[in-house]
Amino acid sequence: AIPAHAWFVVSEIMILPNLPAAMPKEGLYFNIVLWTTFIILSYLGWKESGAVLPDTDALIPKGRFGTPLLVWAINNTISYGLPLVLLRDKMMEQYAVDSFMAGFTPDVKFLIDTVLGNTGKLFINNTAGVIAICSVEPTNEDTLYRLSRVASSVGFYYLGAFAIWANVNLLGKSRGEVEEEVDVRRSGCARSSLSRTAPSSPT
């Protein structure tokens, strides 16, 4: 949690000089104070709980429940996290958003770009959190099972969300180039996790 919160603090500080004049800076100041508070609390909690560090030799999930988690982590990072952080314009071009964005002011476009970038950071941070949990208990099948179930549940949620967007885009005749690919990839990851966890029933 500490590296994730620190990343958001640095990001907010970097946004400040580029913030449009029409947008108040108080929100960013609040976020910086909030994330810094989270860093302090997380550090104190980590120290009090024994200052356990992730096992770097167990960062790659393995086993019948770990393998679908690894697939999920790779898909989350490569398909969404990194592109949203580093290649937002190129990524969004594939979703045919030009006509949708055409009428927005530069300030609104800046805000949308910032939200998309933060979404990418969340994808990466969530993936890193799951990997860190796996590294602490790499042989605990109950933990891996629960994480896999969460991954499959989130995957099927996104399938529904993408289906809604696809219908909207289809009706608006602006369906992008990659919606079908995204649907297939999400479905594959979700079904992979579900197929591994469905036969088991830990309490």
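A residue is taken as buried at under 20% relative accessible area, as exposed at over 50%, and as partly exposed in between. By this criterion Arg146, with a relative accessibility of 40%, counts as partly exposed in the predicted model. Asp142, at 29% relative accessibility, likewise counts as partly exposed, and the side chains of Asp142 and Arg146 meet in a salt bridge with an N to O distance of 3.0 Å. The two residues are 4 positions apart in helix α7 and are therefore separated by about one helical turn. In general, an α-helix has 3.6 residues a turn, so residues three or four places apart point the same way.

The structure holds 2 salt bridges. In addition to the pair within α7, Asp113 forms a salt bridge with Arg88, the closest N and O atoms of which are 2.9 Å apart. This pair links distant parts of the chain, since Asp113 lies in helix α6 and Arg88 in helix α4 (residues 88-93), with their positions 25 residues apart in sequence. Asp113 is partly exposed, its relative accessible area being 27%.

As to the overall fold, the chain has 8 helices and 0 strands. Of its 203 residues, 34% count as buried, and the chain exposes about 12,200 Å², of which carbon and sulfur atoms supply 67%. Among the contacts with a separation of 6 or more, 78% are accounted for by residues 24 or more positions apart. One pair distant in sequence is formed by Ser11 and Gly117, which are 106 residues apart along the chain and 9.7 Å apart in space, C-alpha to C-alpha. Ser11 lies in helix α1 (residues 2-15) and, with a relative accessible area of 8%, is buried because this value falls under the 20% limit.

The largest nonpolar core has 11 residues, including Phe65, Leu69, Trp72, Val130, Ile131, Leu144 and Tyr145. The elements that give two or more residues to this core are α3 (63-86), α6 (106-136) and α7 (141-171). Apart from it lies another core, of 7 residues, among them Val9, Leu16, Met23 and Leu28. In soluble globular proteins, nonpolar side chains tend to be buried together.

Helix α2 (residues 26-48) comprises 23 residues and reaches 33 Å from its first C-alpha to its last, close to the 33 Å expected at 1.5 Å a residue. Just after α2, Gly50 takes a positive phi of about 115 degrees.

How values were computed:
Residues are numbered from 1 along each chain as its sequence is written. This is a predicted model: local features need pLDDT of at least 70, side-chain atom pairs count only at pLDDT 80 or more; totals for chains, interfaces and linings use all residues. Side-chain values use heavy atoms; hydrogens and water are left out. Buried means under 20% relative accessible area, exposed over 50%, partly exposed in between (1.4 Å probe, protein chains only). Contact means heavy atoms within 4.5 Å. Accessible areas come from the Shrake-Rupley method with a 1.4 Å probe; for residues, only the protein chains shown count as cover. A nonpolar core is a set of buried Ala, Val, Leu, Ile, Met, Phe, Trp, Tyr and Cys residues joined through side-chain atoms within 4.5 Å. The expected span of a helix is 1.5 Å times one less than its number of residues. A salt bridge is a side-chain nitrogen of Lys or Arg within 4 Å of a carboxyl oxygen of Asp or Glu.
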